[in-house]
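The exercises below concern salt bridges, cysteines and helix packing. Work through each task on the structure before reading its solution.

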Amino acid sequence: MQVGRLADRLDVPYRDIRYLLEQGILPKGIAEKPGRGEHRDFTPAQAFWIGLVLKLKQCGIRAPAAKEIANFAKRSVFKAAKESEWDSGFNPFAGELVTDKKWYLDIGDMLFTRFATNANPDVEGIFENFWCIVTDGRKEKAPGASPVVIIRIDLTQLASLLIE
C-alpha cells in the first residue's frame, strides 16, 4: 500500500504521513531515504503501525512518544493474542488484521499506557490490563495509577480500515 492509499484509508492528510517519514518515524523494514523516484510500499503490518502512530498524533501525542507507544502496543498485543493464545489469529503488527474480538489501546493522562480486550477467556467483558509508563523503549508497571483522562484507540477498527 502506498502513502496516498494509506492516507485515504485512514482518513488522514497525505502530508501527515510524509511528515512522519521525513522525521524518521518509521516501522521496521522501511528505508529512511528511498532512492529518487521510488515509492514506498507498505506491508499491512507497516501500514498498521503507521496508522496507529498517526491516530495517536491526532490525539495530541507528539510523534516520538507515539512511536514509543506503538512499539509498546506491538509487544503487548503480541504477547496477549499470540503467546497467551487469547486471539491467536490477530497480530496486526505482523499483518494479521482480522479478528472477531475487540482490542483497544488506552492512554491515560498522556502518561500511562495499557491495552484492553474482550479476548481474555478468563474475564467476562473487557479486560483492562495494568497501566504502564513507557519511556526509552522500556515499559514500567505503574501500580496504583488511576488516570482521569483516558483516550481509547480501537485497534480492531484501525485494522479493519487496512484490510484489502
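**Exercise 1.** In this predicted model, examine the salt bridge between the side chains of glutamate 96 and lysine 82. Give its N to O distance, place both residues in the chain, and classify their exposure.

Solution.
- Step 1: The N to O distance between glutamate 96 and lysine 82 is 2.7 Å, and the cut-off for a salt bridge is 4 Å.
- Step 2: Lysine 82 lies in helix 4 (63-83), while glutamate 96 sits in the loop between helix 4 and strand 1 (103-108). The two residues are 14 residues apart, and the pair links distant parts of the chain.
- Step 3: Glutamate 96 has a relative accessible area of 30%, so it is partly exposed. Lysine 82, with 23%, is also partly exposed.
- Step 4: The full count for the model is seven salt bridges.

**Exercise 2.** Find which residues are linked with Asp106 in a network of salt bridges.

Solution.
- Step 1: Aspartate 106 pairs with arginine 114, with the closest N and O atoms 2.8 Å apart. Both of these residues are buried.
- Step 2: Arginine 152 pairs with glutamate 128, where the closest N and O atoms are 2.9 Å apart. Arginine 152 belongs to strand 6 (residues 150-154) and glutamate 128 to strand 3 (residues 127-128), 24 residues apart.
- Step 3: Arginine 152 is partly exposed at 36% relative accessibility, and glutamate 128 is partly exposed at 41%.
- Step 4: The network of salt bridges links Asp106 with Arg114, Glu128 and Arg152.

**Exercise 3.** Determine how many disulfides the model has, and explain the result for cysteine 132.

Solution.
- Step 1: A disulfide requires two cysteine sulfur atoms within 2.5 Å.
- Step 2: For cysteine 132, the closest cysteine sulfur is that of cysteine 59, at 19 Å; this is too far for a bond.
- Step 3: The count is therefore zero disulfides.
- Step 4: Cysteine 132 is buried, with a relative accessible area of 1%, whereas cysteine 59 is partly exposed at 32%.

**Exercise 4.** Describe how helix 2 and helix 3 pack, and which residues meet.

Solution.
- Step 1: Helix 2 (residues 14-22) and helix 3 (residues 44-58) pack at an angle of about 105°, and their axes are 11 Å apart.
- Step 2: Angles of 65 to 115 degrees count as roughly perpendicular, so helix 2 and helix 3 are roughly perpendicular to each other.
- Step 3: Helix 2 contributes Asp16, Ile17, Tyr19 and Leu20, which meet Ile50, Val53, Leu54 and Lys57 of helix 3.
- Step 4: By class, this contact between helix 2 and helix 3 has six nonpolar, two charged and no polar residues.

Technical notes
Residues numbered from 1 in each chain as written. Predicted model: local features only at pLDDT ≥ 70, side-chain atom pairs only at ≥ 80, totals over all residues. Heavy atoms only, no water. Axes fitted to C-alpha atoms, helices over the stretch in contact; angles between N-to-C directions. Helix = DSSP H or I, 4+ residues; strand = E, 2+ residues; numbered from the N terminus. Parallel < 35°, antiparallel > 145°, perpendicular 65-115°, else oblique. Contact = heavy atoms within 4.5 Å. Nonpolar A, V, L, I, M, F, W, Y, C, P; charged D, E, K, R; others polar. Buried < 20%, exposed > 50% of the residue type's maximum accessible area, 1.4 Å probe, protein only.
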